[in-house]
Amino acid sequence: MNWPLLGMSPGLLCNARRIQDYFTQCLKQCPTPTFEFRPPCFINNNFLITSDPANVHYMLSKHFYNFHKGPNFKKIFGDILGDGIFVSDQSDSWASQRTSIQSLLKNGRFQQLFEKTIREKVEKGLIPILEHVSVTGMEVDMQDLFIRFTFDNICMIVLGMDPGMLSIEFREESYVTAFDEAEEAILYRHILPESCWRLQKWLQIGKEKKLSRGVKVVEHFIFKRISLKQERLRKGDKEGMSFDFLTAYMENDHADHQLSAAGLEISHKFLRDTAINLLAAGKDTISAALSWFFWLIATHPLVENKIWEEIIKANNIREIKDDKVWWIFSAEEVPKLVYLHGALCETLRLFPPVPLEHKAPIKADILPSGHKIGPDSEVIFSLYAMGRMESIWGRDCLEFKPERWITEGGGIRHVPSYKFIAFNAGPRRCLGKEMTFIQMKIVAIAIICNYHIEVVEGHPVYPSSSVILHMSHGLKVKVSKRCV
């Protein structure tokens, strides 16, 4: 409803805790899945909300260089992400940062570190905890478990240190919760007029107080790691030092040359921004996806059985440790599991970890839907709504069907990236897509083959109010040992 003076803001504020479903509902009621969101009269910006694949393809690929993140995006995310790759635009350092990160991801030493880290964390962290809770019969929050798992992994890969969050003690650390508080506050910056959240920031009240506190905690954690690493390098103490991102940036002349050419220097701020951007990507998106995946298969036992049968057929090799049988696959083995891949894609379709994306035109343009937009406009496209559109996925769009990702010949069905944009599309498509799938598959195999997950009866499951699509109340489950 469009109110006099207030525009559509009252409806948005009333539905703040179910913002993704609210956008989906509005888009489904439109003749085309695009509508103009009218802000209060005192806000000059124009907002367009869309879930039209043609519009998405136009902005992310066909006319990529006329659409950037825009100044408003940087205002919203800049406090925590700084000038990192997720905030930088085409006119900034984005291309150089992307090229530098891509070269490090392709490095053989990094790939060895990645698989070794994931495998060890599954064997020595995840499996022992699940074994403990299955024996004791206690309930466990799988979302919390996955956040701890991915945080330890990404810290090893980016910072070269294991914070040890994944342990039976389930200890709490302020720098982990600080990320979550910052993400929740950032969502409210999408909802509130800029003048309102800036006033809260100035007064240090509400969500803005949590955001400011969270940023300080995260920065302290990051800067401490940077200083310790620099001190070790100055002393020439490289014994046991891994090929992590932080070390690579401090030592790598190739990366330094690329960034210098773009007018960047590897300063404390650059290392801080890069580390936080990579930590946020590795910690939050994968843990959210794994949480929704295990909720979906727990509520769809036939899908779980099909995944189990596929794993059995694909590999008869099991590891015996401490007189117990464990199923753990390597990165080379996971691509053969087509049905598992389909189930993960279906999870990402229905519950994309990053449910909203921003774009702003540099020059006036007309989208394929016929909507005119100018430099003072901002386009928000809802990945969450796209996964629920009959016009895109058919009448069964709300069903969890891994089969929609499998061809008649039993292979993986290709879906255009502008239709399935969990990993973005065009020149800004996700560099870590393959790493994400490998990590999720290794975790899924280890858990499904060794344990059965049952959601606690009556436990509420729905999306949280955050820029990352976590579950609002976690995922409380009971774990039992699978009989093989």
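# Exercises on a predicted model

Five strands form an open sheet in the order 1-2-10-7-3, and the pairing is mixed. The model is a predicted one, in which local features need pLDDT of at least 70 and side-chain atom pairs count only at pLDDT 80 or more, while totals for chains, interfaces and linings use all residues. Residues are numbered from 1 along each chain as its sequence is written, and side-chain values use heavy atoms, with hydrogens and water left out.

Helices (H or I, at least four residues) and strands (E, at least two) are DSSP runs, numbered from the N terminus. Two strands pair if DSSP finds at least two bridges between them.

## Exercise 1

Task: determine which strands stand at the edges of the sheet 1-2-10-7-3, and describe the surroundings of strand 7.

Solution.

1. The edge positions belong to strand 1 (34–37) and strand 3 (67–68), each of which pairs on one side only.
2. Strand 3 and strand 7 (residues 356–361) are antiparallel and share 2 bridges; phenylalanine 67 stands opposite proline 361.
3. Strand 7 also pairs with strand 10 in the antiparallel sense, over 4 bridges, with leucine 356 opposite serine 382 of strand 10.
4. Burial (under 20% relative accessible area; exposed is over 50%, partly exposed in between; 1.4 Å probe, protein chains only) is the next criterion. In strand 7, 6 of the 6 residues are buried, so the strand is largely enclosed by the rest of the structure.
5. Leu356, His358 and Ala360 point one way from strand 7, while Glu357, Lys359 and Pro361 point the other way.
6. Helix 3 (residues 53–62) lies across strand 1, strand 2 (46–50), strand 3, strand 7 and strand 10 (377–382), and runs at about 120° to strand 10. Axes are lines fitted to C-alpha atoms, for helices over the stretch in contact (heavy atoms within 4.5 Å); angles run from 0 to 180 degrees between N-to-C directions.
7. Phenylalanine 37 belongs to strand 1 and is buried, at a relative accessible area of 10%. Its C-alpha atom is 5.3 Å from that of phenylalanine 47, 10 residues away in sequence.

## Exercise 2

Task: characterise the sheet with strand order 4-12-11 and the helix that lies across strand 11 and strand 12.

Solution.

1. This open sheet has 3 strands with antiparallel pairing.
2. Strand 4 (139–141) and strand 11 (451–455) are at the edges with a single partner strand each, so one side of each is left without a neighbour in the sheet.
3. From one strand to the next, the twist averages 45°.
4. Strand 4 pairs with strand 12 (residues 476–481) over 3 bridges, and the bridge partner of aspartate 141 is lysine 476.
5. Helix 18 (residues 433–450) lies across strand 11 and strand 12, at about 90° to strand 11.
6. The loop between strand 11 and strand 12 contains histidine 470, which is buried at 7% relative accessible area. Not counting residues up to four places away in sequence, histidine 470 touches ten listed partners, including Glu183, Asp284, Trp292 and Tyr462.

## Exercise 3

Task: establish whether lysine 75 is buried, partly exposed or exposed, and trace its contacts.

Solution.

1. Lysine 75 is part of helix 4 (residues 71–81).
2. The relative accessibility of lysine 75 is 35%, which means that the residue counts as partly exposed.
3. The buried residues of helix 4 are Asn72, Phe73, Ile76, Phe77, Gly78, Ile80 and Leu81.
4. Leaving aside neighbours within four places in sequence, lysine 75 contacts Arg189, Glu194, Trp197 and Arg198.
5. The C-alpha atoms of lysine 75 and arginine 189 are 9.1 Å apart, at a separation of 114 residues along the chain.
6. The side chains of lysine 75 and glutamate 194 are joined by a polar contact of 3.4 Å. Such a contact is a pair of N or O atoms within 3.5 Å; within protein, one must be able to donate a hydrogen and the other to accept it, and residues adjacent in sequence count only if both atoms are side-chain atoms.
7. Just after helix 4, glycine 82 adopts a positive phi of about 60°.
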